Amino acid sequence: MGSKRLTSALLLFLLVSTGSSASHSNWRKKAREPCKTLVFYFHDIIYNGHNAKNATAAIVGAPSWGNRTILAGQDHFGDLVVFDDPITLDNNLHSTPVGRAQGFYIYDKKDIFTAWLGFSFVFNSTEHKGSINFAGADPLMNKTRDISVIGGTGDFFMSRGVATLMTDAFEGDVYFRLRVDIKLYECW
Amino acid sequence: MGSKRLTSALLLFLLVSTGSSASHSNWRKKAREPCKTLVFYFHDIIYNGHNAKNATAAIVGAPSWGNRTILAGQDHFGDLVVFDDPITLDNNLHSTPVGRAQGFYIYDKKDIFTAWLGFSFVFNSTEHKGSINFAGADPLMNKTRDISVIGGTGDFFMSRGVATLMTDAFEGDVYFRLRVDIKLYECW
Amino acid sequence: MGSKRLTSALLLFLLVSTGSSASHSNWRKKAREPCKTLVFYFHDIIYNGHNAKNATAAIVGAPSWGNRTILAGQDHFGDLVVFDDPITLDNNLHSTPVGRAQGFYIYDKKDIFTAWLGFSFVFNSTEHKGSINFAGADPLMNKTRDISVIGGTGDFFMSRGVATLMTDAFEGDVYFRLRVDIKLYECW
């Protein structure tokens, strides 16, 4: 009798908990511990009319008051830059690249440097195969900025997460190096 | 004996239900009730050669038959616009902004107004900190259009959802105001 | 007594398993079987100065060494193309379109053809209503390339997945046809 009551209580608990988890599963509080963490650097050398050989990026759109060889005034507002940048494991531009960062950024504010990024990390090495896709706002005067990992393929199949960008170095308007701390919270 | 049988049946049920939820969990029918709902307005003033001071957006790409001061013919097909627009809680351009809408849109159809959007809502107030990232098609002659919330950071960490756009007002080719109803279905 | 012990063991198992599934649920190994599979073709005819009537795409950004009528040298590096392409169920350009592929691509590498894509499939037929949003790198000399499905609306509400692109045909720099195998792994 006592054990029957216990079993019934257990059954009730089970049904209630199953029911609640089924209907709310997509918005329950989820653990904020990453399932995968990765750190990379990438290096952007913007074409300025004199560095065609080394340049990894070029201005391809500009506001009517700008041009496509020199970044525009007003914090480069409106400049659209396409890039194919080497990814390295440390902060040395001359380290062997482990992949390419490919995509674009657009400077999108007149009174401070800020950009919007859409790009991928593309890997094809023994370490990593596949791609990680990113999008988000980059208020680049902040020490750290978070953008979204919106998807992935290959080793990073269906990934989602957050990437923290840090400007690791820059030289005038021609070179900058970003450190990217990738934290994936959805892994398949 | 009766309670033993009950317990066994319960155990069986438990194992079966656990197994099935593990293998199908990622494509089971999910609840379509949002875990968070937000409503904002944002205001876009396109640079037209005469409004440099007030403009919040500028044409930075255009087809060969267009230019970067006046939106092109054929429903602006090919015009790429970068923006940094104030976000307000009501439909008044002069209300105190609660954040900035930053990114780009491209008009992408010749026979009707349609655009493709990639942008972020960037918040840094006592109300909200962090960003919401959006992408999708905006067939802007429709009364309502749905785009995707593809990720978020800060208060909107790992968010996913759908945003419904409505054109709340427009004045010629210079000003428009969008109402955005954000419904998040994944919250962390 | 025996049944009580069994019930207790069951209760313990239940609590342990519930606890573990709650904290790790977002990064457990998930099934890689798609919940929905779709195959489409889309057709891109780039404006070249002579085909205004048939063109479905146009160059709207280019590096300083390029122009907006002819794709630039160095593997079109820096060319930004906006498109509104018909989607068909088979590989025939003249089949009745079932939707439109709308968005942009940017050629982003100097020594081989590679692009970055941001676009949507927009449907409004008896078959499908709603949109699927895509982003990712397209190393287009590879036989197959995977990009991400980053969201969806309508019939494709909250979708996520992977799309495999294949170049089904191309004619010089003016026409290409892509086959897209869409596999959704998150369906609502």
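What is the volume of the second largest cavity? I began my notes with this point, and I record about 40 Å³ for the second largest cavity. I note at the outset that the model is predicted.

**Entry 1. Chain A in outline**

I looked up the secondary structure of chain A and found one helix and nine strands. Reading from the N terminus, I wrote the order down as α-β-β-β-β-β-β-β-β-β. I then checked burial: of the 188 residues in chain A, 55% are buried. For the surface, I recorded an accessible area of about 7,800 Å² for chain A, with 57% of it belonging to carbon and sulfur atoms. I also looked at contacts in chain A with a separation of 6 or more, and 46% of them join residues 24 or more positions apart.

**Entry 2. The second largest cavity**

I searched the structure for cavities of 30 Å³ or more and found two. I returned to the second largest cavity and listed its lining. Chain A gives A:Leu80, A:Phe104 and A:Ile106, chain B gives B:Leu80, B:Phe104 and B:Ile106, and chain C gives C:Leu80, C:Phe104 and C:Ile106. I noted that strand S4 (99-107) of chain A, of chain B and of chain C each supplies at least two residues of this lining. By class, I counted nine nonpolar residues there, with no polar and no charged ones.

**Entry 3. The largest cavity**

I next took the largest cavity, whose volume is about 70 Å³. I found 14 residues in its lining, and A:Trp116, A:Ala135, B:Trp116, B:Ala135 and C:Trp116 lie nearest its centre. The elements that give two or more residues to this lining are strand S5 (115-124) of chain A and strand S5 (115-124) of chain B. I sorted the lining of the largest cavity into 12 nonpolar residues, two polar and no charged.

**Entry 4. Aromatic rings**

I searched the whole structure for aromatic pairs and obtained 69 over all chains. I chose one for a closer look: the ring centres of C:Phe42 and C:Phe119 are 5.7 Å apart and the planes stand at 45°, so I entered the pair as tilted. This pair links distant parts of the chain, as C:Phe42 belongs to strand S1 (residues 36-45) and C:Phe119 to strand S5 (residues 115-124) of chain C, 77 residues apart. Are C:Phe42 and C:Phe119 buried or exposed? I found both of them buried.

In chain A, I recorded one aromatic cluster whose members include A:Phe40, A:Phe42, A:Phe83, A:Tyr105, A:Tyr107 and A:Phe113. I noted A:Phe119, A:Phe121, A:Phe123, A:Phe134, A:Phe156 and A:Phe176 in this cluster as well.

Methods. Residues numbered from 1 in each chain as written. Chains lettered and ligands numbered in written order. Predicted model: local features only at pLDDT ≥ 70, side-chain atom pairs only at ≥ 80, totals over all residues. Heavy atoms only, no water. Helix = DSSP H or I, 4+ residues; strand = E, 2+ residues; numbered from the N terminus. Buried < 20%, exposed > 50% of the residue type's maximum accessible area, 1.4 Å probe, protein only. Contact = heavy atoms within 4.5 Å. Areas by Shrake-Rupley, 256 points an atom, 1.4 Å probe, with all protein chains shown as cover. 1 Å grid on protein atoms, 1.4 Å probe; cavity = no way out; pocket = protein on both sides within 12 Å on 5 of 7 lines; lining within 4 Å. Points joined across faces, edges and corners; volume = space filled by probe spheres on them. Nonpolar A, V, L, I, M, F, W, Y, C, P; charged D, E, K, R; others polar. Phe/Tyr/Trp six-rings, centres within 6.5 Å; stacked < 30°, edge-to-face > 60°.
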